[in-house]
Amino acid sequence: MAAADNLGTPLLLPDNQCPSHMSLTIDLESSDGLSDQSQSDPPNPFEFLGVGTLSVPGSSTFDPFRNHTPKIEGVYEWVKILVCLPVALVRLVLFLIALFVGYLATVVATQGWTDKQDPMPRWRCRIMWVTRICARAILFSWGYHWIKRRGRPVPRGIAPIVVSNHVSFVEPIFFFYELFPIIVASESHDSVPLVGTIIRAMQVIYVDRSSALSRKLAVDEIKRKASLDGFPPVLLFPEGTTTNGRALILFQLGAFLPGYPIQPVIVHYPFVHFDQSWGNISLGKLMFRMLTQFHNFMEVEYLPVIKPLENQKESASRFAQRTAFAIASALNITQTSYSYGDLMLLMKAAQRKQENPSRFMVEMAKVESAYQISNSEAMDLLDKFLSMNPDNSGCVMLPEFSKVLRLSTCGLSEKIFAFLDVENNGQITFKQV
C-alpha cells in the first residue's frame with residue numbers, strides 16, 4: 001500500500017514533499033449511499049408480494065378492563081369487612097328472598113303468555129312491578145341504599161332507544177327497575193337459573209356476536225320494536241362488555257343502525273377503597289366485596305337526546321361516534337380504540353397464565369381497520385404466539401419464533417424475524433406479529 005494511502009501516514013508532510021496546493025474531493029453520492037446502507041431498514045422478504053415496510057403503532061399501557069382493587073388491602077378494609085360480615089349475611093338473605101319473590105311474580109305475569117312478538121299486555125306489566133320492586137331490593141341488599149340521579153328519561157316516543165356505558169352487572173338491574181326496557185343480550189344469559197326467566201319477560205333480543213346473521217337479525221328486531229309505540233324503550237350497552245369506567249371502548253353499531261333518536265345515560269361509581277367495576281375480578285369476589293361495604297355509591301345521569309342528522313346522510317359509525325363523545329365528555333374520560341376483541345385476547349392470555357395479560361391487547365379497532373383482521377383471526381394468531389413461550393415482558397426471540405413456525409435457521413428466517421422486529425432489539429411482541 002502506498003504511503004499516502006496508509007492510515008499511519010502523517011497528515012503534515014515535509015516541506016520538500018508538500019505540493020503547492022492540495023485538492024480534496026468528496027463524493028457526496030457515495031457518502032450518502034454508505035450512510036443509507038448502514039441505517040436502512042432490514043430487507044423486506046415479502047417485497048415481491050407488494051408488502052411495504054411494517055409499521056406498528058406504539059403500545060399503550062392503559063388497560064380499560066382492569067379492576068383497581070382486585071385484592072383486599074389496608075387495615076381499614078379488613079376491619080370494615082370483619083365488622084360488616086354479620087350485616088352481609090342479612091343482606092345475602094334479603095337478596096335471595098327478593099330474587100325468589102321476583103322470580104315467582106315473573107312466572108305469574110308470564111303464565112299463558114304466548115304472543116311474545118307483540119307488546120306485553122298492561123295487566124301483565126302491572127304484575128311485573130312486583131319484580132321491579134324486588135330488583136330495587138336486590139340493589140339495596142348489595143349496599144346501594146340510595147342512588148343519585150340527574151336528569152330524567154324522556155318518553156319513548158321521543159327516543160325509543162337508550163344506550164349506557166357498562167361498568168358492572170349492577171346497571172342492567174337498575175335499568176330493569178327504572179325503565180323495564182327491552183334489552184339486547186348474549187344468548188348465554190337465557191340459561192342462568194331464575195334470572196333467565198326474568199330476562200325473557202323483558203322480551204329480550206338475543207344475539208350471538210360471533211354470527212353475522214344473528215347480528216343482522218338482532219338489528220332488524222331492534223328496529224321493529226323501536227318503531228312500535230306499545231313496546232318499552234330498547235336498552236343497549238354499545239361497548240358490548242364491562243370496563244373499569246375510566247375510558248370508553250369502541251361502540252358496536254347495533255343501537256345506531258336503525259337510525260332512531262337515542263338517549264345516552266352515564267353511570268358512575270365513585271369509590272375510595274373498593275372499585276365496583278367488573279373487570280379482572282371474579283363475580284363471587286365482587287359480590288362479596290359489595291356485601292361487606294357500609295354503602296356503595298352509584299350515580300346515574302340521563303343526557304340530552306341525540307338525533308341522527310336529518311340534513312345529511314349520516315352513517316351509523318358517525319352517529320355512534322357522536323354519542324360516544326357525548327358520554328365520554330359527560331364522564332370526563334377518554335375514548336379508546338380498544339374493543340370487545342381486546343377483552344377476548346386478554347382473557348386468552350390470562351388463561352394461559354401470562355404474567356401481564358394486558359400486554360397482549362392490541363387495540364383491535366385499529367387493527368381491524370388497518371389490516372382487516374377479525375377477532376377470531378386475532379385469537380388464532382395469539383394462540384400461535386403464546387406457543388412460542390414469550391418471556392415475562394411478552395417478547396419472543398428468534399429461536400422460539402423459528403421453532404414454532406418450523407423454519408430452519410437460515411438467512412431467510414432471520415430476514416422474516418428482522419422484518420417483524422421493527423424496533424431492532426432482537427425480539428418481537430404480539431402486536432408486531
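Axes here are lines fitted to C-alpha atoms, for helices over the stretch in contact, and the angles between them run from 0 to 180 degrees between N-to-C directions. Two packed helices are described by the angle between their axes and the distance between the axes. With that in hand, the helix pairs of this predicted model can be taken one at a time, after a quick look at the whole chain.

The protein chain holds 13 helices and 11 strands. Of its 433 residues, 42% are buried. Contacts often link distant parts of the sequence: among those between residues at least 6 apart, 72% join residues at least 24 apart.

Helix H2 (residues 75-110) pairs up with H3, and their axes come within 8 Å and cross at roughly 165°. Angles over 145 degrees count as roughly antiparallel, so H2 is roughly antiparallel to H3. The crossing of these two helices is left-handed. On the H2 side, the contact includes Arg-91, Leu-94, Phe-95, Ala-98 and Leu-99, and it runs on to residues including Val-108, Ala-109 and Thr-110. H3 answers with residues including Arg-124, Ile-127, Met-128, Val-130 and Thr-131, as well as Phe-140 and Ser-141. Sorted by class, the contact of H2 with H3 comes to 15 nonpolar, five polar and two charged residues.

H3 (residues 122-141) also packs against helix H4 (residues 170-179), this time at an angle of about 140° and with the axes 8 Å apart. That angle makes H3 oblique to H4, because roughly antiparallel would take an angle over 145 degrees. H3 passes H4 in a left-handed crossing. From H3, the residues involved are Met-128, Thr-131, Arg-132, Ile-133, Ala-135, Arg-136 and Leu-139. They meet Val-170, Ile-173, Phe-174, Phe-176, Tyr-177, Glu-178 and Leu-179 in H4. By class, this contact of H3 with H4 has 10 nonpolar, one polar and three charged residues. Met-128 and Thr-131 turn up in the contact with H4 and also in the one with H2.

Farther along the chain, helix H9 (residues 340-351) and helix H11 (residues 375-386) have axes that come within 10 Å and cross at roughly 25°. Since angles under 35 degrees count as roughly parallel, H9 is roughly parallel to H11. H9 passes H11 in a right-handed crossing. Gly-341, Met-344, Leu-345, Lys-348 and Ala-349 are the H9 residues in this contact, and they meet Asn-375, Ala-378, Met-379, Leu-382, Asp-383 and Leu-386 in H11. The class count for H9 with H11 is seven nonpolar, two polar and two charged residues.

Ser-339 sits in the loop between strand S9 (334-335) and H9. With a relative accessible area of 6%, Ser-339 is buried, because buried means under 20%. Leaving out residues up to four places away in sequence, Ser-339 touches Phe-65, Ile-249, Leu-250, Met-364 and Ala-365.

Arg-200 gives another single-residue view, this one from helix H5 (residues 195-201). Its relative accessible area is 34%, so Arg-200 is partly exposed: the value falls between the 20% and 50% cut-offs. A polar contact of 3.2 Å joins the side chains of Arg-200 and Thr-197. Not counting residues up to four places away in sequence, Arg-200 touches Asp-190 and Tyr-206. Thr-106 is 94 residues away from Arg-200 along the chain, yet their C-alpha atoms are separated by 9.5 Å. Thr-106 is also one of the H2 residues in the contact with H3.

Terms used
Residues are numbered from 1 along each chain as its sequence is written. This is a predicted model: local features need pLDDT of at least 70, side-chain atom pairs count only at pLDDT 80 or more; totals for chains, interfaces and linings use all residues. Side-chain values use heavy atoms; hydrogens and water are left out. Helices (H or I, at least four residues) and strands (E, at least two) are DSSP runs, numbered from the N terminus. Buried means under 20% relative accessible area, exposed over 50%, partly exposed in between (1.4 Å probe, protein chains only). Contact means heavy atoms within 4.5 Å. A polar contact is a pair of N or O atoms within 3.5 Å; within protein, one must be able to donate a hydrogen and the other to accept it, and residues adjacent in sequence count only if both atoms are side-chain atoms. Angles under 35 degrees count as roughly parallel, over 145 as roughly antiparallel, 65 to 115 as roughly perpendicular and the rest as oblique. A crossing is left-handed if the near helix is turned anticlockwise from the far one by less than a right angle, and right-handed if clockwise. Ala, Val, Leu, Ile, Met, Phe, Trp, Tyr, Cys and Pro count as nonpolar, Asp, Glu, Lys and Arg as charged, and the others, Gly among them, as polar.
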